[in-house]
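Could you look over this structure with me? I've jotted down some points to read alongside the picture.

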Amino acid sequence: MTVMETTTAPAPDRDTHICATPAPAHPRPDGRDHYTISEVVALTGLTAHTLRWYERIGLMPHVDRSHTGQRRYRNGDLDWLDLVGKLRRTGMPVADMVRYAEMVRAGDHTFALRCELLERTRQDVRARIAELQETLAVLDHKIDYYSGPAAEVTARRAAPPSSS
């Protein structure tokens, strides 16, 4: 299957139920959840160009269209975009995100492959967190140094002598 083909497999939004944090509340209830691209831009902070690109590369499932051809996003699309945003923040390459989306569309038999991809990403995130914690420890040490006794000694040396 190519990235651009569509299937009748479950849409990626059905996969977001596994997220540890619930998706944000939707502005409209299911059944009345038709959003224009401008509304999705306002809700997600993504650009219209990015939304179209996600669809073009296969990162977004097929987006419904109105009778005039305008995209009509649903609550499930918003949930999927929320997950994609989280995957982007992990540093996951776009190609891996597209591969993940393809696996979701392919069905439940890809659970093990999806799990492997997410476990590798989790390992990368944990390594980055460890690096940031080391960096934070250095910053904390420097802040303590500059605001502690050394700062007082330096301030006394820099102060003009008192004329008493």
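The points below go from the whole chain down to single side chains.

1. First, a reminder: this is a predicted model. The protein chain has six helices and two strands. Reading from the N terminus, you meet them in the order α-α-β-β-α-α-α-α, so try ticking them off on the picture.

2. Next, how much is tucked away? Of the 164 residues in the protein chain, 27% count as buried. The chain exposes about 11,100 Å², and 57% of that area is supplied by carbon and sulfur atoms. Now look at contacts between residues at least 6 apart in sequence: 59% of them join residues at least 24 apart.

3. The largest nonpolar core has 23 residues, and the ones touching the most other members are Val40, Leu59, Met60, Tyr73, Trp80 and Tyr100. Which elements give two or more residues to this core? They are helix 1 (37-44), helix 2 (48-57), helix 3 (75-89) and helix 4.

4. Helix 5 deserves its own point. Covering residues 111-147, helix 5 has 37 residues and spans 52 Å between its first and last C-alpha, close to the 54 Å expected at 1.5 Å a residue. Its buried residues are Arg114, Leu117 and Thr121. Among the parts that cover these buried residues is helix 4 (94-106).

5. Now the aromatic rings. A pair of rings is described by the distance of the centres and the angle of the planes. Here the count comes to three aromatic pairs. One of them is Trp53 with Tyr54, a tilted pair with 5.9 Å from centre to centre and 40° between the planes. Why tilted? Because the 40° between these planes is neither under 30 degrees, which would be stacked, nor over 60, which would be edge-to-face. The two partners sit in unlike surroundings: Trp53 is partly exposed at 29% relative accessible area, while Tyr54 is buried at 2%.

6. Another aromatic pair is Tyr145 with Tyr146, and this one is edge-to-face, with centres 5.4 Å apart and 70° between the planes. Are these two rings buried or exposed? Tyr145 is partly exposed, at 46% relative accessible area. Tyr146 counts as exposed, at 56%.

7. On to charged side chains: the structure holds seven salt bridges. Take Glu55 and Arg65, whose closest N and O atoms are 3.6 Å apart. Glu55 belongs to helix 2 and Arg65 to strand 1 (residues 64-65), so this pair ties together parts that are ten residues apart in sequence. Glu55 counts as buried at 15% relative accessibility, whereas Arg65 is partly exposed at 42%.

8. Strand 1 has a second salt bridge to show you. Arg74 and Asp64 meet through their side chains at 3.9 Å, N to O. Arg74 lies in the loop between strand 2 (71-72) and helix 3, and Asp64 lies in strand 1, so here too the pair ties together parts ten residues apart in sequence. Arg74 is partly exposed at 27% relative accessibility, and Asp64 is partly exposed at 33%.

9. Compare that with a salt bridge inside a helix. Lys86 and Asp82 bring their closest N and O atoms to 3.1 Å. How far apart are they along helix 3? They are four residues apart, which means a separation of about one helical turn. In general, an α-helix has 3.6 residues a turn, so residues three or four places apart point the same way. Lys86 is partly exposed at 28% relative accessible area, and Asp82 is partly exposed at 23%. Going back to Arg74, salt bridges that share partners join Asp33, Asp64 and Arg74 into one network.

10. Last stop: Arg28, in the segment before helix 1. Arg28 counts as partly exposed, at 27% relative accessibility. Leaving out residues up to four places away in sequence, Arg28 touches Asp33, His34, Tyr35, Glu39 and Asn75. Notice that Asp33 turns up here as well as in the salt-bridge network. Arg28 and Arg74 are 46 residues apart along the chain, yet their C-alpha atoms are separated by 9.3 Å.

Terms used: Residues are numbered from 1 along each chain as its sequence is written. This is a predicted model: local features need pLDDT of at least 70, side-chain atom pairs count only at pLDDT 80 or more; totals for chains, interfaces and linings use all residues. Side-chain values use heavy atoms; hydrogens and water are left out. Rings of Phe, Tyr and Trp (its six-membered ring) pair if their centres lie within 6.5 Å; planes under 30 degrees apart count as stacked, over 60 as edge-to-face and the rest as tilted. Buried means under 20% relative accessible area, exposed over 50%, partly exposed in between (1.4 Å probe, protein chains only). The expected span of a helix is 1.5 Å times one less than its number of residues. Contact means heavy atoms within 4.5 Å. Accessible areas come from the Shrake-Rupley method with a 1.4 Å probe; for residues, only the protein chains shown count as cover. A nonpolar core is a set of buried Ala, Val, Leu, Ile, Met, Phe, Trp, Tyr and Cys residues joined through side-chain atoms within 4.5 Å. A salt bridge is a side-chain nitrogen of Lys or Arg within 4 Å of a carboxyl oxygen of Asp or Glu.
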